[in-house]
Amino acid sequence: MKKYNFNAGPSMLPREVIEATAAACLDFEGSGLSLMEISHRAKNFQPVVDKAVELVKELLDLPAGYSVVFLAGGASTEFCRVPYNFLEKKAAYLNTGTWAKKAMKEAKLFGEVVEVASSAEDNYTYIPKNFTVPADADYLHITTNNTIFGTEMRYDLDSPVPLIADMSSDIFSRPVDVSKYNCIYAGAQKNVSMAGVNIVIVKDEALNKVSRQIPTMLDYMTHVKNGSMFNTPPVVPIYCAMKNLEWVKQNGGVEAMDKRAKERADMLYTEIERNKLFRGTAKAEDRSYMNICFVMNDEYKELEADFLQFATERGMVGIKGHRSVGGFRASCYNAQTIEGVQALIQSMKDFEAQH
């Protein structure tokens, strides 16, 4: 039986990317050594990092004056590294879900944190709008896609202060005006690579502005100056990211990914609205293209476990919703196929026909 991967992360990767990475783990470029055991300073690995950086810059059309680094520790480490590098006295945070809240918690260790708006009272079913950002804030932090609650900002916010974004789960799924941001970071296991590497895009002139001393490994400038090679980087995940970014480029770039994302989401949201058994959880204007969350309508709530088993038996993997929302979550990252979405929709239709 064919499997359709809707896991929220680590997420689905294109088959050719998986195969290329697996082959390199057996023999990296005919060296007789595994990618897992080569030196990160080997002459044949440096081109991998260089190519990955080049692809990030090309796909997102980075302006001059921005650096790209590959780091370890997950986006959760960037929750700390961001205020360490950018928060002098006060930072503004938009609270749109679990990950935004965790980022705020870390920032409070370094200075005053202003929550400019929150949708917590409605279980994060929408993106707050028309909020005021303090003019004296060092930066405004946003989370562009909320994997747990299924909301997304598929636009670049106009901010009166420097803008910083956690784009872990939707980076490379749409064009981005990078010039609007001082820093963009992403744990790669959602939409770019396997777990183990972060991509950080940082505006060079924004660094070294805080008065505090920053520990060497937490200083973005350390990694910019050393081209991600200050310490041993996560070699295999960087290679996987490079191959996946090649795949994005070969398949039309972020413009094509945006179109594919909209097509997948439109199909699935249309079925959710049509099907008598289900309803979406996020407000329509803020619904995520990446993580599509839905639950059983109240009168069919008792069928939730039955549908999960029904869909699983038909090859759907990872559609159980997060405990904060319940129900179901279909994560449709770049590698997700129309075929996969159609298979899920057919499962929903078939289950409806039985009830």
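## A guided tour of the predicted model

Begin by selecting A75, S76, W99, T147, D166, Q189, N231 and T232, the positions that an unreviewed UniProt entry records under the feature "binding site". The selected residues span 158 residues in sequence, and the farthest two C-alpha atoms are 30.7 Å apart, so the set does not all gather at one spot. Please keep in mind that the structure on the screen is a predicted model. From this set, pick out D166, which is found in strand 8, a strand made of residues 163-166.

Next, select residues 4-344. The unreviewed UniProt entry lists this range as "domain: Aminotransferase class V". Within residues 4-344, helix accounts for 32% of the chain and strand for 18%. Now mark the C-alpha atoms at the two ends of the range: they are 8 Å apart.

The next stop uses a separate division of the chain. Colour residues 15-250 as domain 1 and residues 252-353 as domain 2, following the domain assignment. The C-alpha centres of domain 1 and domain 2 lie 27 Å apart. To show where they touch, display the contact residues: 29 come from domain 1 and 27 from domain 2. Between them, the two domains bury about 2,200 Å², with 52% of this area on carbon and sulfur atoms.

What kinds of interaction cross this interface? Between domain 1 and domain 2 there are 19 residue pairs in polar contact, and three salt bridges are found across the interface. To examine a salt bridge, select D258 and R154, whose side chains meet with an N to O distance of 2.8 Å. Side chains of opposite charge can pair when their charged atoms come close.

Stay with the side of domain 1 that touches domain 2, and select strand 7 (151-152) and helix 6 (235-250), each of which supplies at least two residues to that side. Helix 6 gives the most, with four residues. Coloured by class, this side of domain 1 shows eleven nonpolar, ten polar and eight charged residues.

For the last stop, consider the structure as a whole, which holds 20 salt bridges. Select K283 and D122, whose side chains meet in a salt bridge with an N to O distance of 2.7 Å. Which parts of the chain does the pair of K283 and D122 tie together? K283 lies in the loop between strand 11 (278-280) and strand 12 (291-296), while D122 lies in the loop between strand 4 (112-118) and strand 5 (140-143), so the salt bridge ties together parts that are 161 residues apart in sequence.

How values were computed
Residues numbered from 1 in each chain as written. Predicted model: local features only at pLDDT ≥ 70, side-chain atom pairs only at ≥ 80, totals over all residues. Heavy atoms only, no water. Domains from an automatic or database assignment. Contact = heavy atoms within 4.5 Å. Buried area = accessible area lost by both parts, 1.4 Å probe. Salt bridge = Lys/Arg side-chain N within 4 Å of Asp/Glu carboxyl O. Polar contact = N/O pair within 3.5 Å; in protein donor to acceptor, adjacent residues only side chain to side chain. Nonpolar A, V, L, I, M, F, W, Y, C, P; charged D, E, K, R; others polar. UniProt positions renumbered as here; feature names shortened; annotations may be inferred.
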